Amino acid sequence: MPAAESTPAAAVPAPAGGEAPIVVADDVHRTFHIGANRIDVLKGVSFEIQAGERVFLCGASGAGKTSLLYTLAGLEKPNLGRVLIDGRSLYQLSRREQAKVRNRRMGYVFQNYSLLPELTALENVMVPAMIGGRSDRGRAEHLLEHVGLADRIGHLPPELSGGEQQRVAIARALMNDPAMIFADEPTGNLDSKTGAEVMDILLNVVAEEKRTLLVVTHDTVLAKSGDRRLELVDGLLVS
Ligand SMILES: Nc1ncnc2c1ncn2[C@@H]1O[C@H](COP(=O)(O)OP(=O)(O)O)[C@@H](O)[C@H]1O
Ligand SMILES: [Mg+2]
């Protein structure tokens, strides 16, 4: 990593060749305190992801994968170290600016779908646009068609299967046309056939638009379908 002083505060646009990394973790540490116990979950994680790369993050349960994804996605500040998004140090931005980066540049897919149960599939997909002050119903419909749910747009989440709910969540993550998508074990709650279908959809929508993907999975077979694999062991990356 270049020294911090050489990184300008303003956005650094990616050169035409796309060499500037879109995501950088620079010596990221994450520590939790529970009572008198201190848990060092991330112990200095550094890596870069280039725009358009599809990266799989593997590691045992409790290895710190979710903590790392949260930190990269602007949801949890690291105790030490930096996260650069588009060349800007995320946690040095104002809270308002951080929220803007999250809303406009990132999509997030959770293991448990995290759909709002009282909103229809269509309304759930529209949520990120509404947060950003827009409401593009046509795009939401198009995205739901794209993930194979054209005939489910008026359904509530409890009326959908796990695989269908996760496809709604993928459409929602794409709503604001984000450059990067973080997906945390998106197939973890699905049977293996449905999981493979959902992963296929995710990889395809990412590839079609040359988006960047960082996806956590336990499944080492699935992980082979990415461009690169990172492995987290005991708070450090080993590959
Ligand atoms: N908010 C928190 N408070 C305390 N400990 C936490 C918190 N979040 C995660 N941890 C601990 O950090 C470790 C890594 O958790 P996590 O990042 O969820 O791992 P993974 O996603 O790889 O299973 C676990 O031991 C977990 O108990
Ligand atoms: Mg996890």
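**Figure 1. Salt bridge between Glu231 and Arg229 in a predicted model**. Glu231 pairs with Arg229 in a salt bridge whose closest N and O atoms are 3.4 Å apart, a salt bridge being a side-chain nitrogen of Lys or Arg within 4 Å of a carboxyl oxygen of Asp or Glu. Glu231 has a relative accessible area of 24% and is partly exposed, and Arg229, with 33%, is partly exposed as well; here buried means under 20% relative accessible area, exposed over 50%, and partly exposed in between, with a 1.4 Å probe and protein chains only. Elsewhere, Asp151, Arg152 and Glu164 are joined into one network by salt bridges that share partners. A search of the whole structure gives 15 salt bridges. The model is predicted, so that local features need pLDDT of at least 70 and side-chain atom pairs count only at pLDDT 80 or more, while totals for chains, interfaces and linings use all residues. Side-chain values use heavy atoms, with hydrogens and water left out, residues are numbered from 1 along each chain as its sequence is written, and chains are lettered from A and ligands numbered from 1 in the order in which they are written.

**Figure 2. Two further salt bridges, Arg38 with Asp40 and Arg88 with Glu97**. In the pair formed by Arg38 and Asp40, the closest N and O atoms lie 3.0 Å apart. Arg38 counts as exposed at 54% relative accessibility, whereas Asp40, at 33%, counts as partly exposed. The side chains of Arg88 and Glu97 meet at 3.5 Å, N to O; Arg88 is buried with a relative accessible area of 18%, and Glu97 is partly exposed at 24% relative accessibility.

**Figure 3. The surroundings of Glu185, a buried residue that has no salt bridge**. Glu185 is placed in the loop between strand S7 (180–184) and helix H6 (192–208), where helices (H or I, at least four residues) and strands (E, at least two) are DSSP runs numbered from the N terminus. The nearest side chain of opposite charge belongs to Lys65, at 4.2 Å; Lys and Arg count as positive and Asp and Glu as negative, with His and the chain ends not counted. Not counting residues up to four places away in sequence, Glu185 touches Lys65, Gln111, Val216 and His218, contact meaning heavy atoms within 4.5 Å.

**Figure 4. Gln166 in helix H5 and its contacts**. Gln166 lies in helix H5, which spans residues 162–174, and is buried, with a relative accessible area of 0%. When its neighbours within four places in sequence are left aside, Gln166 is in contact with Val109, Phe110, Gln111, Tyr113, Pro186, Leu190 and Val198. The C-alpha atoms of Gln166 and Val198 are separated by 7.4 Å, although these residues are 32 apart along the chain. Tyr113, one of these contacts, is found in the loop between S6 and H3 and has a positive phi of about 70° although it is not a glycine. Tyr113 is buried, its relative accessible area being 10%.

**Figure 5. Ala25 and Asp27 in strand S1**. Ala25 has its place in strand S1, residues 21–34, and counts as buried at 1% relative accessibility. Apart from residues up to four places away in sequence, Ala25 touches Val45, Ser46, Phe47, Leu72 and Arg82. A separation of 35 Å lies between the C-alpha atoms of Ala25 and Leu149, which are 124 residues apart along the chain. Asp27 is also found in strand S1; phi of Asp27 is near 55°, a positive value in a residue other than glycine, and at 35% relative accessibility Asp27 counts as partly exposed.

**Figure 6. The buried residues of helix H2 and the elements that they pack against**. In helix H2 (residues 95–105), the buried residues are Gln98, Val101 and Asn103. The buried residues of H2 pack against strand S4 (80–85), strand S5 (88–89), strand S6 (106–109) and helix H3 (121–131). As context for this close-up, the secondary structure of the chain comes to seven helices and ten strands, and 49% of the 239 residues of the chain count as buried. Among contacts between residues at least 6 apart in sequence, 70% join residues at least 24 apart.
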